[in-house]
Amino acid sequence: MNAIASNSLPGRATRIYFSASSLLDKLQPVLLLGFRLYVARVFLMSGLTKIHDWSITLALFTDEYHVPVLPPSIAAFMGTATELTMPVLLALGLATRFGAFVLFFFNIIAVVSYAALPDVAVKDHILRGMMILVILLCGPGRISLDYWLERRWGRPAIA
């Protein structure tokens, strides 16, 4: 009876569907790498712009970006340090979920801190936030140092 069912139209359609799904699953690491590299580039370029002229960066944090609680000079330093370090982790796929977690909240703070942000820029932040959230929830994928390290040393047992 199974042979008859597998030769039926629903049986063939099911096999085709699962074959296509299997193929798409193999592309997931490439998608995650693409998300990591895209997000890393955006934040790294922003950090490099900030260190290019520190006086302008301090002026921006004093006059335009109003980070809650922090003085402008500390906010500028912490923001720039985040934009220069976390993208490296993301790009390499090293401590990826930590880097994604930091950048996810950094992205939110960036939107909250700059009231004059145009709608198109808010949409860009939402897109990046969603990409970061995918990385945070799904992990870095197989094309990452995290994956290599986990395979080499194994995942520690959770108590």
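Contacts first. Take pairs in the protein chain that sit at least 6 apart in sequence and touch. Of those contacts, 68% join residues at least 24 apart. Keep in mind that this is a predicted model.

Now the elements. How many helices and strands does the protein chain have? Seven helices, zero strands. Read from the N terminus, the order is α-α-α-α-α-α-α.

Next, overall dimensions. The C-alpha trace spans about 75 × 40 × 30 Å along its principal axes. The radius of gyration is 21 Å. For a compact globule of 159 residues, the expected value would be near 15 Å.

On to burial and surface. Of the 159 residues, 29% count as buried. The exposed area of the protein chain is about 10,600 Å². Carbon and sulfur atoms supply 71% of that area.

Charges, quickly. There are 13 positive side chains and 9 negative ones. The centres of the two sets lie 19 Å apart.

Let's go inside. The largest nonpolar core holds 15 residues. Which of them touch the most other members? V39, F43, L90, A100, L103 and I132. As for the helices behind this core, α2 (9-52), α4, α5 and α6 (119-138) each supply at least two residues.

Look at I132 in particular. Set aside its neighbours within four places in sequence. I132 is then in contact with V39, F43, A100, L103 and F104. V39, F43, A100 and L103 come up again here, having been named with I132 among the core residues that touch the most other members.

Last topic: backbone angles. Most residues other than glycine have a negative phi. Two residues here are worth a look on that score.

Start with V69. V69 is not a glycine, yet its phi is positive, about 80 degrees. Where is V69 found? In the loop between α3 (54-63) and α4 (72-92). Is V69 buried or exposed? V69 counts as exposed because its relative accessibility is 84%, and the cut-off for exposed is over 50%.

Then A95. A95 is another residue other than glycine with a positive phi, near 50 degrees. A95 is found in the loop between α4 and α5 (96-113). Its relative accessibility is 34%, so A95 counts as partly exposed.

To recap. Seven helices, no strands. A radius of gyration of 21 Å, against near 15 Å for a compact globule of 159 residues. A largest nonpolar core of 15 residues, with α2, α4, α5 and α6 each supplying at least two. And positive phi at V69 and at A95.

Definitions and conventions: Residues are numbered from 1 along each chain as its sequence is written. This is a predicted model: local features need pLDDT of at least 70, side-chain atom pairs count only at pLDDT 80 or more; totals for chains, interfaces and linings use all residues. Side-chain values use heavy atoms; hydrogens and water are left out. Helices (H or I, at least four residues) and strands (E, at least two) are DSSP runs, numbered from the N terminus. The radius of gyration is taken over C-alpha atoms; the globule rule is 2.2 Å times the number of residues to the power 0.38. Buried means under 20% relative accessible area, exposed over 50%, partly exposed in between (1.4 Å probe, protein chains only). Contact means heavy atoms within 4.5 Å. Accessible areas come from the Shrake-Rupley method with a 1.4 Å probe; for residues, only the protein chains shown count as cover. Lys and Arg count as positive and Asp and Glu as negative; His and the chain ends are not counted. The place of a charge is taken as NZ of Lys, CZ of Arg, CG of Asp or CD of Glu. A nonpolar core is a set of buried Ala, Val, Leu, Ile, Met, Phe, Trp, Tyr and Cys residues joined through side-chain atoms within 4.5 Å.
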